[in-house]
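Open your viewer, colour by chain and get ready to click along. This tour goes one selection at a time, with a note on what you'll find at each stop.

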Amino acid sequence: MNISEILQQLLNVLVLGSIYCLVASGLTLVYGIMHVPNFAQGNLYMAGAYVVFFLGSAFRINYWFVFLATIIIMGAVGLVIERLCFRPVRDAPHVNSFVIALGVLMAIEGLIVILFGADYKEVRPPWKKILDFYGVTIAGQRLLVILGTFLVMAILQFFIKRTKTGMGLDAMSQNRELALMVGVNVNRMSLLAFVISTGLAGVAGALMAPVCYVYPAMAMTPLLIAFAAVIFGGMGNLTGAVLGSFIMAGTQVFSIQYFSAVISDIAIFGIMIAVLLFRPKGILGGRG
Amino acid sequence: MARASLHPKILVSIMGVFFLIIVPVIFTTGFFLHLAILILLWTMLCLSLNIIFGYGGQLSLAHGGLFGIGAYTYGVLATKLGIDFWLAFPIAGAATGIIGLLIGIPSLRLKGPYFVIVTLGFNIILVAIIENLSSLTEGVNGLAGIPGPRGIPWLPFAGDFSSKMSQYYLILFFVLGFWLIMHFIKNSQIGRCLVAIKKDEELCQSIGINTMWVKVQTFVLSSILAGLSGVLYASYIGILTPHDASFHMGFDALVYLSVGGIGTIVGTLIGPAIMILISESLQAVVEIRLFINGLALIILIIFMPQGISGGITYLWKKLSQGGKRYAA
């Protein structure tokens, strides 16, 4: 292995890590506010990719319009899911909401297969150019994944740290009771967190759809890796989720490169178990 | 008064068992018998999930994998080594029990969402291992030609298991046995500890119950049951693919259990029966079934978290109480 090969792999880590980062941020946000591990997050990412496929092939419009439309549609989907599925069990035993999340996972997957079939779909990349930096090549769309993720995460960070509503979200994931006492609206925050998380899943799906094929089973790997990332950084901790995503992507890419896909699964899962057993609040310390 | 209120339950159980015994006499077509056998097989998997989730409150998503481990252990033993069903049955049960122990010890330390996520992860790992041990399991191609159980000539009613009807009775025999075991566990000390752990684990620890030990024992027992149902499944169906070990199996069991009634014994039969009959009557292909299952799960957990058997019990109580008030 030479230096350009390693650089190439690092670029792959950045691309994959970006996608995991978007999925994991949504997971951690929802967990911080609603205390629900949203098992449907991977399928929402998959649904986002299918929305891009559908809009792109049905209306033949510009990728960027499709991109924006996907975020809005996925946000709306999140609104409906939170209202219809999670709101009614807010005061029920916790495990009920876990089961609801699994139900949403199954319903989305079933619906997607009914609508589009189980085969692979292809989405044309908007920017077909392949860039070459001194022997390290990257397809334009992959670069877009990295840049787009960076932009979206920056906006999210600004929203949470600098706007009043966002600070409400942050406060609630740090200390629920105190936030309630100072008048943060639970229902509004839950809805907001869920809509943001499905929107992020939509972004991830929209960015990734032109890079890889779109198919129903694409949901599970990002979901599990995002869970591993979120646990690594501490459930409810946004910075931890971002850090964890890139570390997990690194583990995945390099262990697949030098060993095999099974070793990669076991390595990621092993890290997750080890963190849970020895540092249950995550590497950065959990919140909430 | 307490005896009087116990009566309908026993009556219903006896009637139910009687009905199950005469099912092959009523539905003589092969297709209906096939459905009845599938329902019983799912009942067993639901039973196994019910022990750990229904009584103990630990939502395990590894049960699809455990089911698959049992099924594949039998499949490999029977096809590659030619080991007889009656010998392979306990071996596969033990193997699944050991895997369950290995999964249970780290994951049962974790609470709430962490346990659920980790068991889901274990399921993925189990499937990956099954897919990659292709010299034994034939990987994604599937393991075909798994023989059914051989008859035992000296045992009455067990001379031959080649017909569907005899397969039905064999599986029914195990289901009834497991139900009995469940009934005893529910009323044993471990069962009571489990229900207490579900309510408040820290309180149990404070009065000196080793909650971890209780949970591990239960998880292993539940794994063994899942494995044994896998063995019966493999010996009935005759072909296995890695999909039979996937988390989707566990999800389906969860759906059926929720429909029937989480934490009830009768629910483990009602749930699979209703859901399988519905999806068959709609001629549903796999994907529509997935959608229906997901929807059913959401609707039931929101509107009827006790499932259908819980709903019936509630109605019964309400009616009988109403009657009493009226009489008084």
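A residue is called buried here if 20 or more other C-beta atoms lie within 10 Å of its own, exposed if 12 or fewer, and partly exposed in between. Keep that cut-off handy for the stops below. One more thing before you click: what you're looking at is a predicted model.

**Stop 1: helix H7 of chain B**

Select residues 164–187 of chain B, which form helix H7. Which residues of H7(B) are buried? They are Gln167(B), Tyr168(B), Leu170(B), Ile171(B), Val175(B), Phe178(B), Trp179(B) and Met182(B). Now put a distance label between the C-alpha atoms at the two ends: they are 35 Å apart, which agrees with the 34 Å that 24 residues should span at 1.5 Å a residue.

**Stop 2: helix H5 of chain B**

Stay in chain B and pick residues 112–132, helix H5. H5(B) is mostly covered, with 15 of its 21 residues buried. From first C-alpha to last, H5(B) reaches 31 Å, close to the expected 30 Å.

**Stop 3: two crossing helices in chain B**

A quick bit of background: two packed helices are described by the angle between their axes and the distance between the axes. With that in mind, show helix H3 (residues 63–80) and helix H11 (residues 247–260) of chain B together. Their axes come within 6 Å and cross at roughly 115°. The crossing of H3(B) past H11(B) is right-handed. To see who makes the contact, show His63(B), Gly64(B) and Phe67(B) on the H3(B) side, then Phe247(B), His248(B), Met249(B), Gly250(B) and Ala253(B) on the H11(B) side. By class, the residues of this contact are four nonpolar, four polar and no charged.

While you're in chain B, try colouring by confidence. Its mean pLDDT is 85, and 92% of its residues reach 70 or more. Where pLDDT is low, the predicted coordinates should not be read in detail.

**Stop 4: where the chains meet**

Zoom out and bring both chains into view. How many residues of chain A are in contact with chain B? There are 32, and they meet 32 residues of chain B. On the chain A side, the elements giving two or more residues are helix H4 (94–116), helix H9 (220–233) and helix H11 (261–278). H4(A) provides the largest share, 16 residues. Colour that side of chain A by class and you'll get 26 nonpolar, four polar and two charged residues. For the model as a whole, the scores are ipTM 0.87 and pTM 0.88.

**Stop 5: single residues in two of those helices**

Click Gly110(A), which lies in helix H4 of chain A. Is Gly110(A) buried or exposed? Gly110(A) is buried, because 23 other C-beta atoms sit within 10 Å. Pro216(A) is 106 residues away along the chain, yet the C-alpha atoms of Gly110(A) and Pro216(A) are separated by 9.0 Å.

Next, jump to Ser264(A) in helix H11 of chain A. Ser264(A) has 22 C-beta neighbours inside 10 Å, so it counts as buried. Leaving out residues up to four places away in sequence, Ser264(A) touches Thr251(A), Gln252(A), Ser255(A), Ile256(A) and Phe259(A).

**Stop 6: helix H5 of chain A**

Select residues 140–162 of chain A for helix H5. The end C-alpha atoms of H5(A) are 32 Å apart, which agrees with the 33 Å that its 23 residues should span. Show the buried ones as sticks: Gln141(A), Arg142(A), Leu144(A), Val145(A), Thr149(A), Val152(A) and Leu156(A). These pack against helix H1 (3–34), strand S2 (136–139) and helix H8 (186–208) of chain A.

Follow that last partner to Ser190(A), found in helix H8 of chain A. Ser190(A) is buried, because 22 other C-beta atoms lie within 10 Å. Its contacts, not counting residues up to four places away in sequence, are Ile33(A), Met34(A) and Glu82(A).

**Last stop: a loop residue**

Finish at His35(A), in the loop between H1 and helix H2 (41–59) of chain A. Most residues other than glycine have a negative phi. His35(A), though not a glycine, has a positive phi of about 60°. With 19 C-beta neighbours inside 10 Å, His35(A) counts as partly exposed.

Notes. Residues numbered from 1 in each chain as written. Chains lettered and ligands numbered in written order. Predicted model: local features only at pLDDT ≥ 70, side-chain atom pairs only at ≥ 80, totals over all residues. pLDDT = per-residue confidence, 0-100. Contact = placed C-beta atoms within 7 Å. Helix = DSSP H or I, 4+ residues; strand = E, 2+ residues; numbered from the N terminus. Nonpolar A, V, L, I, M, F, W, Y, C, P; charged D, E, K, R; others polar. Expected span 1.5 Å × (residues − 1). Axes fitted to C-alpha atoms, helices over the stretch in contact; angles between N-to-C directions. Left-handed = near helix turned anticlockwise from the far one by under 90°.
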